[in-house]
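The following exchange examines how individual descriptions of a model are justified. Each answer sets a value against the criterion that applies.

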Amino acid sequence: MAAIDSSEAPDFDVIVVGGGPGGSTAATMVALDGYRVLLLEKEHFPRYQIGESLLPSTVHGICPMLGVYEEVQAAGFTPKRGGTFKWGANPEPWAFSFAISSRMAGPTSHAYQVERIKFDTILLNNASRVGVDVRQGHRALAVLRNGTRVTGVRYADEHGRERQATARYVVDASGHGSRLHHQVGGEREYSPFFRNLALFGYFNGGHRLPPPDSGNIVCVAFPDGWFWYIPLSPTLTSVGVVVRQELAARVQGDQEAALAAFIEQCPLIKQYLAGAQRADQEPYTRLRVRKDYSYDRTALWCPGMVLVGDAACFIDPVFSSGVHLSTYSALLAARSINTVLAGIAGEQRCFGEFEARYRREFGIFRDFLVEFYQLHADEESYFWQARKITSHSGASQEAFVDLIGGVSASDFARSRPAGPVLTATRGLADALASSAATGDGREMFSTELVSGVLQQGARLQMHGLLGEAAGQEPPMFPGGLGVSPDGRRWATMSPASG
Ligand code: FAD
């Protein structure tokens, strides 16, 4: 397979639309491979965004690959060691800790609660630093085409002047409000099951759980839906309520009154907010509403164009999967672009790999969330449900933590410190050995997923010991593509094909 014809001399190798976590990740991973990247962002950063509770996979997997690990750790974000839920049949709140997962042991057993206004700016500035041509105040209007292939973008610059730029690939990372996503074909399909809306705002002076859970996200179910309660700093708390869209009328009128009424119905949140005041610092003074945010797409890419993050799909905020899915899909897209541009494998094969891995990760969260929303079950059922869906080999609660930590994908090994990587491999081996010895793991061993996990475990151990010298990582799917030692490209295991 030859590299894409360079005689057309496009203005850029890649144009990324949107400077959120998905756009910054895609742009940085492509620029780090030596390609010319233009990123168009309609706002001027720092800009507000919802989605403040991160997962460990973003912090310890994506951030090191981007080169912002130290900067994020030094930014003063609230460490998030797990979650506290009042959900299901159990009348008492119950907590999980990322530390119980062997895949996230030791220094990687936390994420952060972040003010997105700061986190997204760190990622976007870093993209500039590695050579991405970042243009803020530039709004993409439409894509350019040559037949069925997308070849560039028409955009308005910060003075409103219309311009255009060509590229070998366009990445749409412009979020849920994307005006471009339909250009890849297919449909955006809204989930009837998760037809909810969210009403959210910020408080100063809310209650904090005692350490070590003080940075936990708290999710509290009540008859009309559920609340999130995210400690962003020792004093600032993000509070949101998710309710069925049938209750929209109550929210559309006086939002302040609606939020106060929902808080009144939820004793735990009411107790946590007793003595707290609505935030008086920008951009946190006003309430906001989001709806129609749970959707999938029947197509995720077409020749010359790929969708990542919320432009492609999002499911529900309860497990804080949005930034994880956005940055993970951006990593998969960047690998595909880098591999095609290098002439290592063809577009169909690379983007097929992108789509398979992306749909797998999204599907695991979606299927588990459907079960999690069955409010009459107790928390033990959720753990077992996670086990069923991920075909996980470890203890049921560990499966739950892996799922909501975003490490089910096993794509993040290369950027984690050696200690936990080795621990993860040992933990997996122990779990497999003991279940084999007791005879209750036969079914587990027969699944393709587990054989992939086993290969991945061996790969992790080698990588922990040898770093990049360990060589390329084997495929996740039979006949699929592996990953290059630096994590930025796919690696072919068989002769390259289109
Ligand atoms: P975005 O962050 O939306 O970034 C898109 C960027 O594109 C924006 O900066 C926008 O200005 C820019 N843009 C848009 N159109 C154009 C254009 N035409 N031209 C140029 N630029 C453009 N996720 C979590 O991980 N944790 C949570 O706790 C969480 N809570 C949530 C709560 C709610 C109620 C909702 C709805 C979502 C939540 N999410 C959460 C999801 C999270 O907000 C998103 O998944 C995440 O922000 C997606 O990142 P992105 O980079 O794909 O898109």
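Q: In which helix is serine 57 found?
A: In this predicted model, serine 57 belongs to helix H2, which spans residues 56-66.

Q: Why is serine 57 called buried?
A: Its relative accessible area is 2%, and buried means under 20%. Serine 57 therefore counts as buried.

Q: What makes the pairing of serine 57 with histidine 324 a polar contact?
A: The two side chains make this contact at 2.9 Å, and the cut-off for a pair of N or O atoms is 3.5 Å. The distance therefore satisfies the definition. As for leucine 325, its C-alpha is 9.9 Å from that of serine 57, although 268 residues separate the two in sequence.

Q: Why are cysteine 63 and cysteine 313 both classed as buried?
A: Cysteine 63 has a relative accessible area of 1%, and cysteine 313 has 3%. The limit is 20%, so both cysteines count as buried.

Q: How many disulfides does the model contain by the distance rule?
A: The count is 0. A disulfide would require a pair of cysteine sulfur atoms within 2.5 Å.

Q: Why is helix H1 described as largely enclosed by the rest of the structure?
A: Helix H1 covers residues 21-31, and 11 of its 11 residues are buried, so the description follows. Among them are Pro21, Gly22, Met29 and Val30. The cover over these buried residues includes strands S1 (12-17), S2 (37-41) and S10 (162-172), together with helices H2, H4 (116-129) and H8.

Q: Which residues touch the most other members of the largest nonpolar core?
A: They are Trp87, Val318, Phe319 and Phe354, in a core of 118 residues. Helix H8 (residues 322-341) supplies the largest share of this core, 11 residues. Apart from it lies another core of 26 residues, including Leu209, Val251, Leu259 and Leu287.

Q: Which residues does phenylalanine 354 touch, leaving aside those up to four places away in sequence?
A: Among them are Leu300, Trp301, Val306, Leu332, Ala333 and Trp490. Ser329 and Ser336 also belong to this list.

Q: How do the side chains of strand S5 alternate?
A: Within S5 (residues 94-97), Trp94 and Phe96 point to one face and are buried, whereas Ala95 and Ser97 point to the other and are not. In a regular strand, side chains alternate between the two faces of the sheet.

Q: What makes S4 and S5 a pair of strands?
A: Strand S4 (residues 82-86) and S5 are joined over 4 bridges, in the antiparallel sense. Pairing requires at least two bridges, so the two strands qualify. In this pairing, glycine 82 has serine 97 of S5 as its bridge partner.

Q: Which residues are closest to the ligand?
A: Glu41, Gln49, Ile50, Asp310 and Val323 are the closest of the 36 residues that surround the ligand.

Q: What makes the approaches of isoleucine 50, alanine 140 and serine 326 to the ligand polar contacts?
A: A backbone N or O atom of isoleucine 50 lies 2.8 Å from a ligand oxygen atom. A polar backbone atom of alanine 140 is 2.9 Å from a ligand nitrogen atom. A polar side-chain atom of serine 326 lies 3.4 Å from an oxygen atom of the ligand. The cut-off is 3.5 Å, so each of these distances meets the criterion.

How values were computed
Residues numbered from 1 in each chain as written. Predicted model: local features only at pLDDT ≥ 70, side-chain atom pairs only at ≥ 80, totals over all residues. Heavy atoms only, no water. Buried < 20%, exposed > 50% of the residue type's maximum accessible area, 1.4 Å probe, protein only. Core = buried A, V, L, I, M, F, W, Y, C linked by side-chain atoms within 4.5 Å. Contact = heavy atoms within 4.5 Å. Polar contact = N/O pair within 3.5 Å; in protein donor to acceptor, adjacent residues only side chain to side chain. Near = heavy atom within 4 Å.
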